[in-house]
Amino acid sequence: MIRTEGSTKCGECFGRRIWMKSLLALWGILSLLSVGASALGDTASKQGVYLSGFMGIQWGQSITEIPGPQLEFVLKEGPIEYYRRKNDKLATIGSLAIESVLYGFWRERFFEARITVMSSTRDALKALELLFGEESSAERRDVRWFYYENLYTWEKLGTRITLTSPVTRVGKVLEECTVTFVSERIIEEMKIHETTDYLAIE
């Protein structure tokens, strides 16, 4: 077979086009992997802020070691004492603005953050799903004759997150939700030493 100069040049051009397309395809794949890894890293970083404790207080940390604003006693439920922090610098949980926070201590160890957010259930659920993914469980709990609660729960790396949304018997959803973070490790200790599940008591 006789190859002409023109056919040789066409072959070289075709080879360059194939090489360039392969290079672009490889670049596209690497870019997607990079974006995906970055998104996963951002999600893990955001989750970590809430899964190791809350507002700078670590799970199990002694009440005598709490940094920042002074704690102010609010109420006691059995062996659990709840406090507020004076001049607490309230931030957000994802896109949810925090209205107030109660810090729960069992045997002087931090194990619960009970947060009030002024939000609809839909917006609160969406914000928490962006942070923690799809909820592990959802249920309805009867509380009083005139209202009940919808509960959505996530279980992540030793921390249980619960969104509680009150609904009246006529179907009106109240524009106030409670988001609770608790240390599952300390909850297990409480089950051993306490005869009552105080977290289930309103």
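Two strands count as paired if DSSP finds at least two bridges between them; strands (E, at least two residues) and helices (H or I, at least four) are DSSP runs numbered from the N terminus. Keep that in mind for this tour of a predicted model, in which local features need pLDDT of at least 70, side-chain atom pairs count only at pLDDT 80 or more, and totals for chains, interfaces and linings use all residues. Residues are numbered from 1 along each chain as its sequence is written, and side-chain values use heavy atoms, with hydrogens and water left out.

Start with the whole protein chain: three helices and 11 strands. Of its 202 residues, 36% are buried, meaning under 20% relative accessible area (exposed is over 50%, partly exposed in between; 1.4 Å probe, protein chains only).

Now select β9 (residues 147–156) and β10, which pair antiparallel over 10 bridges. Asn150 stands opposite Ser165 in β10. Two residues separate the strands of this hairpin, and Leu157 in the turn has a positive phi of about 45 degrees.

Stay on β10: nine of its 10 residues are buried, so the strand is largely enclosed by the rest of the structure. Next, add β11, joined to β10 by six bridges in an antiparallel arrangement. Here Ile161 faces Phe181 in β11.

Finally, select helix α3 (residues 184–193), whose buried residues are Ile186, Ile187 and Met190. They span an arc of only 105 degrees around the axis (taken from the directions from the helix axis to the C-beta atoms), which puts them on the same side of α3. Turn the view to find exposed Lys191 and Ile192 on the face turned away from that buried side.
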